[in-house]
Amino acid sequence: MELRKSKIKHNTVFIMNFYDKFLFAQTRMRSLLLTLTLLSTLTFAQKRGVLIGTVKDRNTQEFLPGVSISADSTTGTLTDENGSYRLELPVGSYNITAKLIGYKTQTKADVVITSGNTLSLNFELEDIGQTTNEVVVESNFFQQPIESPNSLRTLSYQEIRNNPGGNFDVSKVVQSLPGVGGSIGFRNDIIVRGGAPNENVFYLDGIEIPNINHFATQGSGGGPVGILNVSFIEDVSMSTSAFSARYDNALSSVLQFKQKNGSNERTQGNLRLSATEFAGTVEGYLGRSRKTTYLFSIRRSYLQFLFRIIELPFLPDYWDNQFKIHRQINKNNEVYVIGIGALDDFRLNIPKSASLEQQRILNGIPIFKQYSYTRGIAWKRLVRNGYMQLAISRNVLQNFAEKYDDNDNSNPAKKRFKFTSREAENKIRWEMNKYVQKWKFSYGAMTQYVTYKMDTYNRIRQELRDDNNNLIQPAIVINYQTDVSFFKFGAFGQISRSFMGERLRTSLGLRTDINTFTETGMNPLQTLSPRFAIAYSFTDKWAINASAGRYYKTPFYTVLGFKDNNGNYVNKNVRYIQSDHLVAGVEYIPAKATRITVEGFYKWYDNYPVSNRDSISLANLGGDFGILGNEDITDVGRGRSYGVEFLFQQKFTKNFYGILAYTLFWSEFTGFDRSKYIPSAWDNRHLLAFTGGYKFKRNWELGVKYRLLGGTPYTPYDTLASRLNYATTGQGVLDYRNFNTLRLQPFQSLDVRLDKKWNFNKWTLDIFIDIVNLLDSPNWGPANYTFKIDNQGPDIYDTTDGNALNLDGSNAKPTYVESRSSSRLPSVGFIIEF
């Protein structure tokens, strides 16, 4: 459908045009709270908080007794026979270090101790293969797993929580990392090294979660608001290449979200009010043994209430929930159950007298409902020299959307499009991990049962005839039902080893995947995906690394399930999308808490689906609302993305922390002409980001984030086709003959956040001011094609002859609405821990 064909700025920049009004109202509603906060001069006696956790062997997952746990190399304790520790500290920020003879020392930065919640912090130490009493290996803050020696970044809970302008949304926070771009404004698509949003995969405690956003684009991976509650997160790891062979379907990145376990000390929780939502979290333990812990949260948006008050033409509404139950059966066995779900509703709010911009919005956007969830259970069992893990999960994404001409759903003849869809995956994943005499082995298999149902009607073009009944334009209508079910299977193996006293690290992996639906899907040789990584440390400060790999992704379910109007599956011959990566880099660590890296990367794509209707690669789509891939395609597209990244990272030291990242890259894809590469929709060329903060006395903290994104390409409108079709589609028609020949202006944004924390007896109050786009920088999007309106006339449109608008737009007055937003967005929120 044309709705999903427009780039993100075509259809979403309107939200930024209204968002400043909403936040102005929000700020006034909370002005009293802000005033009281800034004028408060109360002081309190020094309070104390509690830090608990466990320490395990990274390779075998065995609990480690006798590990020294220290805060800023002073106050400390030892882990007990169960690998557990408890440390009571004055409230404040610390770097916590775990140290044991025969293991690499590990330090976690900026651990914030409060009086409100007992904080859980776990360690996994790496065995160096020696056990003599003399061997204690000091290491820096940046430890890379042997399978992924490059292109891996890790963010802590605190870095996510206090990110300026991030609104507690992980997807927005990772956009500060090198090679990671994204949409500007209302959406939070993750664009990694020039790849599309659907090329990323997400794992929560080892269980795959296909969808981490509200109002998600089906067939893609983005949306405007994240689902994950950061109160659950212990840390986030993002790999942009050198993926472990255990992960399937990743072409651009793997994001691993590691959740903490619930507190086994006491029942506790927090309440959070931010710019768009209110959230509550509770955690604790069950039973006298305290071996079973739980986490549960629920979150509710309040945008719909404010938008109604200030008469915006749309009302977004969402709920979500998240939980985790963990049971430590004994030293060798543990089981946990996780769940996450979302309920979304996007409605219209038609004003009495609409402006030209409001009318354009109402003409183009549909009503939309979405329901999604993931539930999973995992069992981890320790075996000799290693451990095995079995995970069973189910995820569902269900959509409903419809649009009628003039928003009149009482007249079936005015139906523009309507679809309902439901996709579900039932997964079993098993893996074994062994560590024997410095050799690390991993192998496993997975199976999935997939069901996909779709009932769709889409009037892409209306039949048009002139006064003499001559055909001007034939109708293009998609109308079908599909019900697909099939199996997917995969297997992998990986072997890693260090040599030369840990200076040389190597890893080799192999994976293959098959499916029972596509014509060539059962041939495992077609998806053999080898990968190799190597790193060499010249000194404790300097290292070089390189990796190469081939990765495959199953085509989108919307592509596989598409039927023509005769009921035929026309895309069964589609192949897995292929991407080959080559990465090399250098790393310099001048101090334990400081890291500088430079990496060069090259990605080749093949077998990418190309639209038979529009002749463009689907790699350019997915950054807008709606549905992606619901059409006839041919898998002949190629692509390439290449560039260089620079990273400077300073972990929490002397009250300062920060990340500076710059990426220069090119992203290009072909259509049917496999030799003609065209800049993709994600081809920013330049990505510059700085995120940092400073902690002052009396629990004041200032955070700053600056982002500069080069202008992205965009496609002009076909003025003739737009005039003919606007009355029946509600938007202009893009001229794909000149695809991505124009480019937007660059965008920059400065976000600032100020936090003040009070620690009371057994509870904590954190009040923050978050200002997005402090410099009020303009964000330009492509101008939107529309018809002039006349609210005083017999029809909403202003016509050349004074009559009602002709179906072919021949008496319309075409115009363009400027897409420019420059809203400075202040908000106030609070976090209460109890």
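Mentor: A polar contact is a pair of N or O atoms within 3.5 Å. Keep in mind that the model is predicted.

Trainee: Which residue caps the N-terminal end of helix 9?
Mentor: The cap rests on a contact between a side-chain oxygen and the backbone nitrogen of Leu720. The two atoms lie 3.2 Å apart, and the cut-off for a polar contact is within 3.5 Å. The residue that supplies the oxygen is Asp718.

Trainee: Which residue just after helix 9 takes a positive phi?
Mentor: Helix 9 covers residues 719–729. Just after this helix, phi is about 80 degrees at one residue. That residue is Gly730.

Trainee: What do the buried residues of helix 9 pack against?
Mentor: Among the buried residues of this helix are Leu724, Tyr726 and Thr729. The buried residues of helix 9 pack against one helix and several strands, including strand 25 (415–436) and strand 44 (779–787). The helix in that list is helix 7 (356–364).

Trainee: Which strands stand at the edges of the open sheet 9-16-17-12-13?
Mentor: Five strands form this sheet, and the pairing is mixed. An edge strand has a single partner strand, so one side of it is left without a neighbour in the sheet. The edges are strand 9 (152–156) and strand 13 (207–208).

Trainee: In which sense do strand 12 and strand 17 pair, parallel or antiparallel?
Mentor: Strand 12 covers residues 200–204 and strand 17 covers residues 253–259. Asn200 stands opposite Ser253 in strand 17. The two strands are joined over five bridges, and the sense is parallel.

Trainee: How is the pair of Tyr449 and Phe487 described, by the angle of its planes?
Mentor: A search of the whole structure finds 34 aromatic pairs. In this one the ring centres are 4.9 Å apart and the planes stand at 45 degrees. Planes under 30 degrees apart count as stacked and over 60 as edge-to-face, so the Tyr449 and Phe487 pair is tilted.

Trainee: Is Tyr449 buried or exposed, or in between?
Mentor: Buried means under 20% relative accessible area and exposed means over 50%. Tyr449 has 32% relative accessibility, so Tyr449 counts as partly exposed.

Trainee: And what is the pair of Tyr602 and Tyr642 called?
Mentor: Their ring centres are 5.0 Å apart. The pair links strand 34 and strand 35, with the two residues 40 residues apart in the chain. The planes are at 15 degrees, so the pair is stacked.

Trainee: Which lysine lies over the face of Phe517?
Mentor: A charge counts as over a ring within 6 Å of the ring centre, given a suitable angle to the ring normal. Here the distance from the ring centre is 4.9 Å, and the residue is Lys572.

Key:
Residues numbered from 1 in each chain as written. Predicted model: local features only at pLDDT ≥ 70, side-chain atom pairs only at ≥ 80, totals over all residues. Heavy atoms only, no water. Buried < 20%, exposed > 50% of the residue type's maximum accessible area, 1.4 Å probe, protein only. Helix = DSSP H or I, 4+ residues; strand = E, 2+ residues; numbered from the N terminus. Contact = heavy atoms within 4.5 Å. Polar contact = N/O pair within 3.5 Å; in protein donor to acceptor, adjacent residues only side chain to side chain. Pairing = 2+ DSSP bridges. Phe/Tyr/Trp six-rings, centres within 6.5 Å; stacked < 30°, edge-to-face > 60°. Lys NZ or Arg CZ within 6 Å of the ring centre and 35° of its normal.
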